[in-house]
Amino acid sequence: MSGQHDKTSVAAISILASGGMAAAKFVVGIAIGSLALISEALHSSIDLVATIVTWAVVRVSDKPADDEHHYGHGKLESISALGVTALLYVLAGGILVESYSRLREGTPPPTISAIPFVVLVFDIAVNLWRARALHRAARETRSQALAADALHFASDVMGSFAVIIGLILAALGFWWGDAAAAGAVAVMIAALGLRMAGSTVQTLVDRAPEGAQEKATAAIRSVPGVIDVERLRVRMVGATTFIDSIVKVPRTYPIDRVESIKRNAEAAVDKAFGDADLSFTAVPVARDNETVRDRIMVIARNSGLAIHHVTVHDLGAKLIVSIDLEVDADMQLEAAHDIANTLERSIQEEFGEDVEVDVHIEPLEPELPFGVDAPLEQVQAIAAALTEYAAGGEIHDIHNVRVRNTDAGEIVNFHCRATPSMSVIKVHEHVDAIERRLRRAFPSIKRVISHAEPPRT
C-alpha cells in the first residue's frame with residue numbers, strides 16, 4: 001500500500017501545481033497578447049487534466065485482481081496515458097493553426113514587461129521539481145501513468161524556454177518571434193505525444209519489455225531440477241510482470257519435488273523482476289541418464305501401482321526384469337493377475353517384446369496396522385538374541401531395539417554398527433543373516449527393520 005500512497009500523493013501535489021501555473025500563464029498571456037504564453041498555458045491545462053486523470057487512475061490501478069479482471073487493473077494506466085496523448089495532439093494542432101495564421105497576417109508583437117519572464121522562470125523551477133518527483137515515484141512504483149506525467153512536465157520546461165526566446169525576439173523587434181515560439185511549443189507537444197503513444201501502445205498490445213524474456217528464462221533455468229524452458233511469454237500489466245512458462249522437469253521426480261521446483265522458480269523470477277506473477281506448467285520428460293529401473297518405476301507410478309524390489313539383469317540379448325507388486329490383500333487372484341499382466345505388457349512396450357518380466361504378487365501392507373509396544377521381557381529376549389547372533393561378526397553394538405505387536409505379527413526395529421569402509425552390499429548380507437536367524441528363533445516375527453551406521457567418532 002505504501003507504493004500506492006506515494007503515487008497518489010505525488011499526483012495530488014501535481015494537480016495543485018498544474019492548476020496554479022496554468023492560470024498564471026494564461027492571465028499574463030492574455031494581458032500582454034502573447035500567443036506563445038497562451039499556448040504554454042493551454043499546454044499546462046492539458047497537463048492539469050492529465051494529472052487529475054492520473055490521480056484518479058492510480059487509485060484504481062493498484063487494486064488486486066478480481067473475478068472480472070484476472071490480471072489486475074494496471075492497464076488503466078496505459079489507457080489514461082493514451083487518452084492524454086490524444087489531447088496533446090488536439091492542442092498541438094490548434095496552436096499550429098493559430099501560429100500560422102498570425103505569421104501570415106503579421107499580427108503585432110506582444111507587450112513586453114518583466115512579469116511574463118518572472119512567471120516563466122518560476123514555472124520552470126516548479127516543473128523541474130515536479131518532473132523529478134514524478135520520475136522518481138514512477139521508477140519506484142513502475143507506474144506508466146506517473147512516467148507520462150513526468151514527461152509532460154519535463155516538456156513544459158522546454159516549452160517555457162521556447163516562450164522566453166520568443167518574447168526576447170519580440171522585444172528586439174522581431175514581430176514574428178512570439179508566433180514562431182508558439183509553433184515551436186506545438187512541435188514539442190507533438191513530439192512528446194509521439195513518444196508517449198509509442199510506449200503506451202506497446203504496453204497495450206502486450207509487447208514484451210526489452211530483455212525480459214531472456215532474464216526470465218535465465219532465472220527459471222537457474223533453479224535446480226529444471227531441465228529446460230520449452231516456452232516463455234512475458235507481458236506487463238501496470239507494474240506487474242506476468243510470465244507464462246512451460247518448463248521441462250525430470251519425469252522421475254515426485255509431485256512434491258516438482259512443486260518445490262515451481263516455488264523456487266517463482267522466487268527466482270520475483271527476485272529478477274521485483275514484482276512478478278509466474279504461471280508455471282511442468283512438462284515431465286525423460287533424461288538421458290535414466291536407468292532401466294527408473295523407467296520401470298515411472299511406468300508403475302503412472303499406472304498407480306505400488307512396486308518394490310525391482311531387479312534388472314542384462315543378458316546381452318535381452319533384459320530380465322523381476323518386480324514385487326503389492327495389491328490389496330483381499331483382492332481375488334484373477335484380478336491381481338490381470339494387473340500384473342498389464343504391468344508386464346507396459347514394460348514390454350517400453351523395452352521391446354523380448355524383455356522377460358516376472359512379477360511377484362504380494363499383499364499390500366496396511367497403512368496403519370494396529371499395534372502396541374511389546375512387553376519388556378519380550379524386547380529383552382529379542383535384543384539378547386540379536387546380540388548373540390552378531391557376536392564375533394562384522395556387525396556389532398546392537399542397540400535401540402524396539403518390538404511392537406501388531407495384527408499382522410511382531411515388528412522388530414534395531415540399530416547396529418559396522419566398519420565404515422565396508423560396502424553396503426556386505427553390510428546388507430551380514431545384517432540379512434542375523435535377521436534370518438532371528439525369524440527362525442521367533443516365528444511370530446513378521447518383519448525386521450535394521451539400521452546400520454558407522455562407529456561413533
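**Chain overview and a three-stranded sheet**

Of the contacts in the protein chain between residues at least 6 apart in sequence, 68% join residues at least 24 apart. The model examined here is predicted. Its protein chain holds twelve helices and ten strands. Of the 457 residues in the protein chain, 42% are buried. The area exposed by the protein chain is about 24500 Å², and 58% of that area is supplied by carbon and sulfur atoms.

One part of the chain was examined in further detail. Strands S4, S5 and S6 form an open sheet, in the order S4-S5-S6 and with mixed pairing. The edges of this sheet are strand S4, residues 306-314, and strand S6, residues 356-363; each of these two strands pairs on one side only. On average, neighbouring strands of the sheet are turned by 15° against each other, with direction ignored.

Strand S5 covers residues 319-327. The pairing of S5 with S6 is in the parallel sense and extends over eight bridges. Opposite histidine 360 in S6 stands aspartate 324.

Two helices were found in association with the sheet. Helix H9, made up of residues 292-302, packs on the sheet and touches S4 and S5. The direction of helix H9 makes about 150° with that of S4. Helix H10, comprising residues 333-351, lies across S4, S5 and S6. Relative to S6, helix H10 runs at about 150°.

How values were computed
Residues numbered from 1 in each chain as written. Predicted model: local features only at pLDDT ≥ 70, side-chain atom pairs only at ≥ 80, totals over all residues. Heavy atoms only, no water. Pairing = 2+ DSSP bridges. Helix = DSSP H or I, 4+ residues; strand = E, 2+ residues; numbered from the N terminus. Axes fitted to C-alpha atoms, helices over the stretch in contact; angles between N-to-C directions. Contact = heavy atoms within 4.5 Å. Buried < 20%, exposed > 50% of the residue type's maximum accessible area, 1.4 Å probe, protein only. Areas by Shrake-Rupley, 256 points an atom, 1.4 Å probe, with all protein chains shown as cover.
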